[in-house]
Amino acid sequence: MHFISSIIDIKPYTITVLFDNNEQRKINFESILLDFPVLKKPGIFISATLDDYPTLKWDGLAKMKELDGTIVPAPLDFSPDMLYQMSEKV
């Protein structure tokens, strides 16, 4: 399993990160923008941060149902292994 150690650079639709194996890799998100159209907004896309897992996340872009049935905002995040497979070595 791979984890993201740090974000190096964010540009619209690509994020360069350092993985836990010390590889710098560029992740191109263009192929998944149809499934996550909210990420098409450059101002939103560049707001990516690392969560505790650690992987990339965007706060408040997903929804989650609480035990009482209330729908609340949740972070949108992706499996770090999937991001590693989507990426190319820099």
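**View 1. Surroundings of proline 80 in the predicted model.** Leaving aside residues up to four places away in sequence, proline 80 touches His2, Phe3, Phe19, Tyr53, Pro54 and Thr55, where contact means heavy atoms within 4.5 Å. Proline 80 belongs to helix H2; helices (H or I, at least four residues) and strands (E, at least two) are DSSP runs, numbered from the N terminus. With a relative accessibility of 1%, proline 80 counts as buried, a class that covers values under 20% relative accessible area, while exposed means over 50% and partly exposed lies in between (1.4 Å probe, protein chains only). Between the C-alpha atoms of proline 80 and lysine 63 the distance in space is 20 Å, and these residues are 17 apart in sequence. Because this is a predicted model, local features need pLDDT of at least 70 and side-chain atom pairs count only at pLDDT 80 or more, whereas totals for chains, interfaces and linings use all residues. Residues are numbered from 1 along each chain as its sequence is written, and side-chain values use heavy atoms, with hydrogens and water left out.

**View 2. The pair formed by phenylalanine 3 and tyrosine 53, with the cis bond that follows tyrosine 53.** Among the 9 aromatic pairs found in a search of the whole structure is that of phenylalanine 3 and tyrosine 53, whose ring centres are 5.6 Å apart and whose planes stand at 70 degrees, so the pair is edge-to-face. Rings of Phe, Tyr and Trp (its six-membered ring) pair if their centres lie within 6.5 Å, and planes under 30 degrees apart count as stacked, over 60 as edge-to-face and the rest as tilted. Phenylalanine 3 lies in the segment before E1 and tyrosine 53 in the loop between strand E4 (49-50) and strand E5 (56-65), so the pair ties together parts that are 50 residues apart in sequence. Phenylalanine 3 is partly exposed at a relative accessible area of 25%, and tyrosine 53 is also partly exposed, at 45%. The peptide bond from tyrosine 53 to proline 54 is cis, with omega near -5 degrees, and proline 54 is located in the loop between E4 and E5.

**View 3. Phenylalanine 78, tryptophan 58 and the nonpolar core.** The ring centres of tryptophan 58 and phenylalanine 78 are 5.9 Å apart with planes at 85 degrees, so this pair is edge-to-face. Tryptophan 58 is in strand E5 and phenylalanine 78 in the loop between strand E6 (71-77) and helix H2 (80-86), so the pair ties together parts that are 20 residues apart in sequence. Tryptophan 58 is buried, with a relative accessible area of 0%, and phenylalanine 78 likewise counts as buried at 6%. Both residues belong to one aromatic cluster with Tyr13, Phe29, Phe36 and Phe45. The largest nonpolar core, a set of buried Ala, Val, Leu, Ile, Met, Phe, Trp, Tyr and Cys residues joined through side-chain atoms within 4.5 Å, has 18 residues, and those with the most contacts inside it are Ile15, Phe29, Leu56, Trp58 and Phe78. Two or more residues of this core come from each of E2, E5 and H2, and the largest share, 3 residues, is from E2.

**View 4. The open sheet E1-E2-E3-E7.** In this order, 4 strands form an open sheet with antiparallel pairing; two strands pair if DSSP finds at least two bridges between them. Strand E1 (4-11) and strand E7 (87-89) stand at the edges, each with a single partner strand, so one side of each is left without a neighbour in the sheet. Strands E1 and E2 (residues 14-19) are joined in the antiparallel sense over 6 bridges, and the bridge partner of isoleucine 7 is valine 17 in E2. Tyrosine 13, in the loop between E1 and E2, has a positive phi near 75 degrees although this residue is not a glycine.

**View 5. The open sheet E4-E5-E6 and its hairpin.** In this sheet 3 strands take the order E4-E5-E6 with antiparallel pairing, and E4 and E6 are the edge strands, each pairing on one side only. Strands E5 and E6 run antiparallel and are joined by 6 bridges, with valine 72 in E6 as the bridge partner of methionine 64 and aspartate 77 in E6 as that of lysine 57. These strands form a hairpin with 5 residues between them, and glycine 69 in the turn has a positive phi of about 95 degrees.
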